[in-house]
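Visitor: Could you take me through one part of this model in some detail? I'd like to look closely at the metal site and whatever sits around it.

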Amino acid sequence: MTDFNTLIEADKGQDARTVQILDVHNFEDWLKDQPDTIREIVKAYKFKANPKSFLILPETGTSKKVDGEQGDFRVVAGVVNHKQLDPWSLAKLGGKLPEGKYRLSGASAKDALFGWLISQHVFDRYKKPTDQQGESILLVKDEIAQLDEAVRQAQATALVRDMVNTPAADMGPDKLEDIVDKLSVKHDAELKVTRGDTLEEHFPMIYGVGKAAMRQHAPRLLELKWGKADHPKIAIIGKGVTFDSGGLSMKSPVGMMLMKKDMGGAAHAIALAKLVMEAKLPVRLHLLVPAVENSVDGHALRPGDILKSRKGLTVEITNTDAEGRLVLGDALTLAGEEEPELILDFATLTGAARVALGPDLPAMFATDDDVAEALHQAGDAEDDPVWRMPLWKRYNSRLNSSIADCINSASGSFAGCMTAALFLQKFVPDNVSWVHFDTYAWHPASKPGRPKGGEALGLRASWRYLKDRYTA
Ligand code: BES
Ligand code: ZN
Ligand code: ZN
């Protein structure tokens with residue numbers, strides 16, 4: 001993985017090129033002070049300091065050099081507001097500038113460090129990009145205090161991207177276990193892995209979904225516990241379906257194409273747990289990842305089968321493609337047994353959430369209004385927005401079964417992400433504050449700093465919320 005620590009350095013006056021930050025409001029003033037040659041180039045390229053633009057300009061010899069300036073060329077970059085950069089303000093530069101050191105002029109990099117870092121991360125496990133530049137190193141002075149945090153956020157985001165981008169053949173339940181195992185060793189946490197007969201006995205829905213892949217990619221429940229026992233308990237859960245074929249209610253080829261990313265919730269949960277442990281947040285953390293492949297063989301779960309969940313509720317399977325809610329149901333039950341004060345879960349749960357909100361905006365369901373509001377604000381502050389949807393109780397009847405306590409998939413396509421969330425809520429104790437994110441974990445198209453492919457969506461929002469809530 002990219003070594004983010006090397007991409008920012010303390011400014012000790014070392015040689016560097018200048019990145020002049022401008023916005024459309026101060027652009028004309030800046031231009032007036034430039035020598036004719038520069039003005040001609042700026043005009044020729046139609047550069048107007050629009051937010052997504054930058055330009056490399058030669059040193060003219062007439063512009064005044066300051067100490068530590070490497071005078072072969074300078075960069076001008078447009079932003080929305082030079083007085084207040086956002087996380088993505090510098091993302092268009094990362095990986096695009098010639099290798100070397102850069103110093104910002106005209107803006108503080110404080111809120112843009114994350115974008116500088118993450119924009120230089122490339123998923124190159126299977127193909128080395130041909131147009132990749134060398135490292136662009138940013139020199140910072142006043143922003144040193146924010147540096148470690150930005151590096152940790154970039155590492156967590158890169159982890160999510162890499163995990164999601166990795167094909168299911170190389171990111172099965174065993175690999176999820178490896179990743180959680182390494183994390184537990186690093187942070188001196190306890191890891192418990194439940195599989196085989198014990199999984200069948202105690203987590204029937206996790207076993208039921210995963211059993212068709214028993215031979216090659218055996219299902220399991222990963223549980224990590226960390227932190228002092230007397231700290232407030234929080235549980236973080238992620239849907240770890242390492243490939244979702246739909247099972248016997250099989251997906252179409254198009255619908256199946258991206259389903260290596262169905263462990264995206266697990267990637268978010270693992271990355272959030274990593275952030276919690278790295279920052280040593282004073283909480284007692286319980287991370288739960290039901291890790292399964294939703295596959296088919298003669299042993300596969302069938303439509304019409306009835307599973308008795310860990311909670312004791314019987315669930316009639318009306319669609320084996322609604323598997324995420326099954327594995328999460330048992331994980332939520334276990335998390336609730338510990339009586340935490342907060343449960344957060346992340347899941348690529350429904351296509352319906354994407355129909356409602358598109359790929360960029362995770363749907364958030366929450367039992368506590370204050371928590372929902374705080375998360376919404378944290379998302380806005382981090383430019384990692386989330387949008388609340390209702391746990392609309394009257395739709396509970398859509399999950400009624402005539403022969404079991406409930407069905408797993410309501411008929412028809414109305415409010416699909418809401419009935420999925422209502423299904424999950426059946427497994428959450430009434431007195432526990434619970435938040436569920438239905439996230440896409442994927443960018444269908446590239447944006448600056450955000451290549452097409454796996455993405456963390458709702459991660460930085462959740463992390464900011466937890467940090468604000470639990471930092472003394
Ligand atoms: N993993 C999918 C949800 C999904 C599909 C997320 C496409 C993002 C993009 C989930 O397991 C699933 O298949 N859900 C079904 C539920 C339906 C059968 C009730 C869906 O959304 O179509
Ligand atoms: Zn599915
Ligand atoms: Zn799924």
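Guide: Start with the zinc ion (ligand 2): its site is irregular, with angles of 72 to 168 degrees among its six donor atoms. Keep in mind that this is a predicted model, so what follows is computed from predicted positions. From the protein, the donors to the zinc ion (ligand 2) are an OD of Asp-244, an OE of Glu-323, and both O and OD of Asp-321, at 2.0 to 2.2 Å. Asp-321 therefore appears in that list with two kinds of atom, O and OD.

Along the chain, the donor residues follow the spacing D-x76-D-x1-E. Asp-244 belongs to strand β10 (residues 240–244), while Asp-321 sits in the loop between β13 (314–316) and α10 (324–337), so this pair ties together parts that are 77 residues apart in sequence. How buried or exposed are the two aspartates? Asp-244 has a relative accessible area of 2%, so it is buried, the cut-off being under 20%. Asp-321, at 22%, is partly exposed.

Asp-244 has a further job to look at: it coordinates both the zinc ion (ligand 2) and the zinc ion (ligand 3), and the two ions are 3.2 Å apart.

Now bring in ligand 1. There are 16 residues around it, and those that come nearest are Lys-251, Asp-262, Asp-321, Glu-323 and Gly-351. Two of these names, Asp-321 and Glu-323, you have already met as donors of the zinc ion (ligand 2). Asp-244 turns up here as well, with a polar side-chain atom 2.9 Å from an oxygen atom of ligand 1. On the nitrogen side, an N or O atom in the side chain of Asp-262 is 2.8 Å from a nitrogen atom of ligand 1. Thr-348 uses its backbone instead: a polar atom there lies 3.4 Å from a nitrogen atom of ligand 1. As for cover, ligand 1 taken alone exposes 510 Å², and the protein buries 78% of that.

While you have the model open, two backbone spots elsewhere are worth a click. Most residues other than glycine have a negative phi. Ala-49 has a positive phi of about 65 degrees, and Asp-188 has a positive one of about 55 degrees. Ala-49 is in the loop between α2 (36–44) and β3 (54–58), and it counts as buried at 0% relative accessibility. Asp-188 is in the loop between α5 (173–186) and β7 (190–195), and it is exposed, with a relative accessible area of 72%.

How values were computed:
Residues numbered from 1 in each chain as written. Chains lettered and ligands numbered in written order. Predicted model: local features only at pLDDT ≥ 70, side-chain atom pairs only at ≥ 80, totals over all residues. Heavy atoms only, no water. Helix = DSSP H or I, 4+ residues; strand = E, 2+ residues; numbered from the N terminus. Buried < 20%, exposed > 50% of the residue type's maximum accessible area, 1.4 Å probe, protein only. Donors = N, O, S within 2.8 Å, 3.2 Å for Na, K, Ca; no water. Tetrahedral: all angles 85-135°; square planar, octahedral: opposite > 155°, others 65-115°. Near = heavy atom within 4 Å. Polar contact = N/O pair within 3.5 Å; in protein donor to acceptor, adjacent residues only side chain to side chain. Areas by Shrake-Rupley, 256 points an atom, 1.4 Å probe, with all protein chains shown as cover.
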